[in-house]
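Reader: I am happier at the bench than at a graphics screen. Could you teach me how to read a structure, one feature at a time?

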Amino acid sequence: MRVLIVGAGIAGPTLAYWLRRTGHDVTLVERAPRLREGGYVVDFWGAGFEVAERIGIVPRLRDEGYRFREAREVGGDGRRIAHFDPQRVIDGAAGRYVTIGRSDLSRAIYDALDGDVETIFGDTVAALADDGGRVGVTFQSGAEREFDLVVGADGLHSRVRALAFGPEREFERHLDIAVAAFDIDGYRPRDELVAVMHTEVGAQALRIALRDGATMFCIMFRHEGELPVDDVTAQQDLLRERLTGFGWEMPQILAQLPQARTFYMDGASQMLMPSWSRGRIALVGDAAACPSLLAGQGSALAMVEAYVLACALAEASGDHRAAFADYENRLAGLVRRKQDGAVGLSGAFVPRNRMMLLLRNAVFGLMGVPFIENLAIGRSLRDPIELPPVPAG
Ligand SMILES: Cc1cc2nc3c(=O)[nH]c(=O)nc-3n(C[C@H](O)[C@H](O)[C@H](O)COP(=O)(O)OP(=O)(O)OC[C@H]3O[C@@H](n4cnc5c(N)ncnc54)[C@H](O)[C@@H]3O)c2cc1C
């Protein structure tokens, strides 16, 4: 089949890889002029890691990833108040765990395509017309083409979803948290291979030293309502306004904000769709079922969804209706449980009141006790899903 995949992030290239392997004619279209670079790091584990193993990119991910030696919670004065050893988490996942730049993960998957998939950068879909027999696509550039299937892998604010399923607000579950992630060159202090966190009522800041002298910050704060869209100045002004009075290193972090190499701000939201497909159009990754960064598994789930969708299409021998139904039946329950679990974690990231803050810090401290840690980690690092076998090429 001729398949158009919209979005070359994590889900898009993964789907392209498996569809190409199973003999489909794939086109990827990415809005950005090139693959995104820099940005935040993700913890990558679970069934998605197994998909990466099947693609054969795990050695590269380990090379390019980070192996942290400590997760540390500090007080306002910078002194350690609790900590644990992430190696125990990695052991809990039987070594199948890596912390890596999201853009490095995306590029590793994309490179596995060996330049064998038509990729159009700097364009997107403007209109989709599914007449039952094929999908007529009008691109933003004005080009018009036909495909047998169109898959939206274009992230949380998916254009494909808006065009084919309806406005985002109909499917969005707000978690009332905003997140800013950015990286700054030459920031001091640096703590190599330590994830340093400071949490107060209503906000949390995380600092991670990256290679080449860069430092990544991830700041979450309680926020209800709209955020400025596509306006970095307004977003940074909002961050300054909301983090004024926050202790620790925040004044100097905010002072260096204008030098950030990359800057991302968005609401922490989830996508709860009644269905992941309509006719010949389907969704995958954050576009279909964003679990939010609080789940710590959006990348892995995006890869699992892409893999299972490709397997379902291979098994259904061209019957896209059966394949789309199978894809959703296999995964919707798992993904929904991950989403619900993430909602329950919001207080652990951004406590609503002092009581929650104290409780959160106490639990974080207990993570340093091996028995408690094993109990907590052992449970959460097992994805209750068996991946279908690699489809025949
Ligand atoms: C701060 C932060 C921390 C996170 N931490 C983790 C973590 O620890 N572990 C984890 O697993 N996940 C984490 N996540 C979530 C993870 O990044 C996402 O779940 C994952 O990237 C989803 O992959 P995707 O391919 O569906 O979407 P994306 O990675 O968002 O990719 C979508 C792609 O589509 C492109 N695109 C967008 N619109 C269009 C359009 N109209 N036309 C064409 N192309 C378009 C985009 O440019 C992008 O390349 C985190 C997220 C954030 C924001």
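Reader: Let me begin with a helix: which residues of α7 are buried?

Author: Gladly, and please keep in mind that this is a predicted model. A residue counts as buried when its relative accessible area is under 20%. In α7, that applies to Gln235, Gln236, Leu238, Leu239 and Leu243. Seen down the helix axis, these buried residues fall within an arc of 155°, so they line one face of α7. On the other side of α7 you will find Thr233 and Glu241, which are exposed.

Reader: What do the buried residues of α7 pack against?

Author: Their partners are the strands β12, β14, β15 and β16, together with helix α8.

Reader: How far apart should the ends of helix α7 be?

Author: You can work that out from the rise of 1.5 Å a residue. The 12 residues of α7, 232–243, should span 16 Å, and the end C-alpha atoms are indeed 16 Å apart, so expectation and model agree. Just after α7 comes Gly245, with a positive phi of about 95°.

Reader: Which residues other than glycine have a positive phi?

Author: The general idea first: most residues other than glycine have a negative phi, and most peptide bonds are trans. Here, Asp230 has a phi near 55°, and Ser292 has one of about 80°. Asp230 sits in the loop between β15 and α7, while Ser292 belongs to the loop between α9 and α10.

Reader: Is Ser292 buried or exposed?

Author: Ser292 counts as buried because its relative accessibility is 6%. Asp230, with a relative accessible area of 79%, is exposed.

Reader: You mentioned peptide bonds too. Which residues does the cis bond join?

Author: The bond from Arg188 to Pro189 is cis, with omega near 5°. Look for Pro189 in the loop between β12 and β13.

Reader: Next, a single side chain. With which side chain does Asp183 make a polar contact?

Author: For such a contact, look for a pair of N or O atoms within 3.5 Å. The side chain of Asp183 pairs with that of Thr262 at 2.5 Å. Asp183 is found in strand β12 and counts as buried because its relative accessibility is 1%. Beyond its neighbours within four places in sequence, Asp183 touches several residues, including Gly39, Thr215 and Met216.

Reader: Now the ligand. How many residues surround it, and which are closest?

Author: There are 30 residues around the ligand, and the closest are Ile10, Ala11, Glu30, Thr124 and Asp286. To read the polar pairs, check which atoms are involved. One ligand oxygen atom is 2.8 Å from a polar backbone atom of Ala11. An oxygen atom of the ligand is also 2.6 Å from an N or O atom in the side chain of Glu30. A nitrogen atom of the ligand has a backbone N or O atom of Gly296 at 3.2 Å. Of the 1,000 Å² that the ligand exposes when taken alone, the protein buries 93%.

Reader: Which element gives the most residues to the shell around the ligand?

Author: That is α10, with 4 residues. The elements giving two or more are β2, β3 and α10.

Reader: Finally, how far apart are Gly92 and Leu381 in sequence and in space?

Author: They are 289 residues apart in sequence, yet 6.7 Å apart in space, C-alpha to C-alpha. Gly92 lies in helix α4 and, at 36% relative accessibility, counts as partly exposed.

Conventions: Residues are numbered from 1 along each chain as its sequence is written. This is a predicted model: local features need pLDDT of at least 70, side-chain atom pairs count only at pLDDT 80 or more; totals for chains, interfaces and linings use all residues. Side-chain values use heavy atoms; hydrogens and water are left out. The expected span of a helix is 1.5 Å times one less than its number of residues. Buried means under 20% relative accessible area, exposed over 50%, partly exposed in between (1.4 Å probe, protein chains only). The arc is that of the directions from the helix axis to the C-beta atoms. Contact means heavy atoms within 4.5 Å. A residue is near a molecule or strand if one of its heavy atoms lies within 4 Å of it. A polar contact is a pair of N or O atoms within 3.5 Å; within protein, one must be able to donate a hydrogen and the other to accept it, and residues adjacent in sequence count only if both atoms are side-chain atoms. Accessible areas come from the Shrake-Rupley method with a 1.4 Å probe; for residues, only the protein chains shown count as cover.
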